[in-house]
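Here are my notes for you to read alongside the model. I have kept them to one helix and its surroundings, so do have the viewer open as you go.

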Amino acid sequence: MSSETTQNDTSLGYEAARDELVDVVRKLEAGGLSLEDSLALWERGEALAKTCEQHLAGARERIDAALAVVEEDVSDA
């Protein structure tokens, strides 16, 4: 995968990446594609899934940080 594709993936928001991933899966499940087209779609799907995972990991970190602050505030009270 080219660095240009990777750069584009990281600029996608979670919802946009998820929606495109759903579309990729739908096309793959429909079948009727050439092997080359199927492989290209699969590779795109993998990149999109990774982008979604990165967004979710970032959200998880933010939630954990917020919960740590709340727990600290509660223990100080």
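**Notes on helix α2 and its neighbours**

1. A good place to begin is Thr51, which lies in helix α3. This is a predicted model, and in it Thr51 has a relative accessibility of 3% and counts as buried. Its C-alpha is 6.9 Å from that of Ala17, although 34 residues separate Thr51 and Ala17 in sequence.

2. Ala17 brings us to helix α2, where Ala17, Leu21 and Val24 are buried. Viewed down the axis of α2, the buried residues fall within an arc of 60°, so they line one face of the helix. The general rule is a helpful reminder here: an α-helix has 3.6 residues a turn, so residues three or four places apart point the same way.

3. What covers this buried face? Helix α3, residues 35-76, is included in the cover over the buried residues of α2. On the face of α2 turned away from the buried side, you will find the exposed residues Arg26, Glu29 and Ala30.

4. I also looked at the length of α2. The helix runs over residues 14-30, and its 17 residues should span 24 Å at 1.5 Å a residue; the C-alpha atoms at its ends are 24 Å apart, which agrees. After α2 comes Gly31, with a positive phi near 75°.

5. Now for the charged side chains: how many salt bridges does a search of the whole structure find? There are four. One of them joins α2 to α3: the side chains of Arg44 and Glu20 meet at 2.8 Å, N to O. Arg44 lies in helix α3 and Glu20 in helix α2, so this pair ties together parts that are 24 residues apart in sequence. Glu20 is partly exposed, at 28% relative accessibility.

6. Arg18 and Asp19 form another salt bridge through their side chains, with an N to O distance of 3.1 Å. Arg18 has a relative accessibility of 34% and counts as partly exposed. Asp19, at 44%, is partly exposed too.

7. Further along α2, please look at Lys27 and Asp23, whose side chains meet in a salt bridge of 3.4 Å, N to O. Lys27 and Asp23 are four residues apart in helix α2, a separation of about one helical turn. Lys27 is partly exposed at 41% relative accessibility, and Asp23 is partly exposed with a relative accessible area of 31%. This pair also belongs to a wider arrangement, since Asp23, Arg26 and Lys27 are linked in a network of salt bridges. Arg26 is the residue named in point 3 among the exposed ones on the face turned away from the buried side.

8. Which residues make the nonpolar surface patch of about 270 Å²? Leu28, Leu33 and Trp42 do. Leu28 is found in helix α2, and with a relative accessible area of 31% it is partly exposed.

9. To pull the α2 points together: Ala17, Leu21 and Val24 are its buried residues, and α3 is part of what covers them. The Arg44 and Glu20 salt bridge links α3 and α2 as well, while Leu28 of α2 contributes to the nonpolar patch. If you have time for a single view, I would suggest looking down the axis of α2, with the buried residues on one face and Arg26, Glu29 and Ala30 on the face turned away from them.

Methods
Residues numbered from 1 in each chain as written. Predicted model: local features only at pLDDT ≥ 70, side-chain atom pairs only at ≥ 80, totals over all residues. Heavy atoms only, no water. Helix = DSSP H or I, 4+ residues; strand = E, 2+ residues; numbered from the N terminus. Expected span 1.5 Å × (residues − 1). Buried < 20%, exposed > 50% of the residue type's maximum accessible area, 1.4 Å probe, protein only. Arc of directions from axis to C-beta. Contact = heavy atoms within 4.5 Å. Patch = residues over 30% accessible without salt bridge, like charges linked within 9 Å, V, L, I, M, F, W, Y side chains within 5 Å. Areas by Shrake-Rupley, 256 points an atom, 1.4 Å probe, with all protein chains shown as cover.
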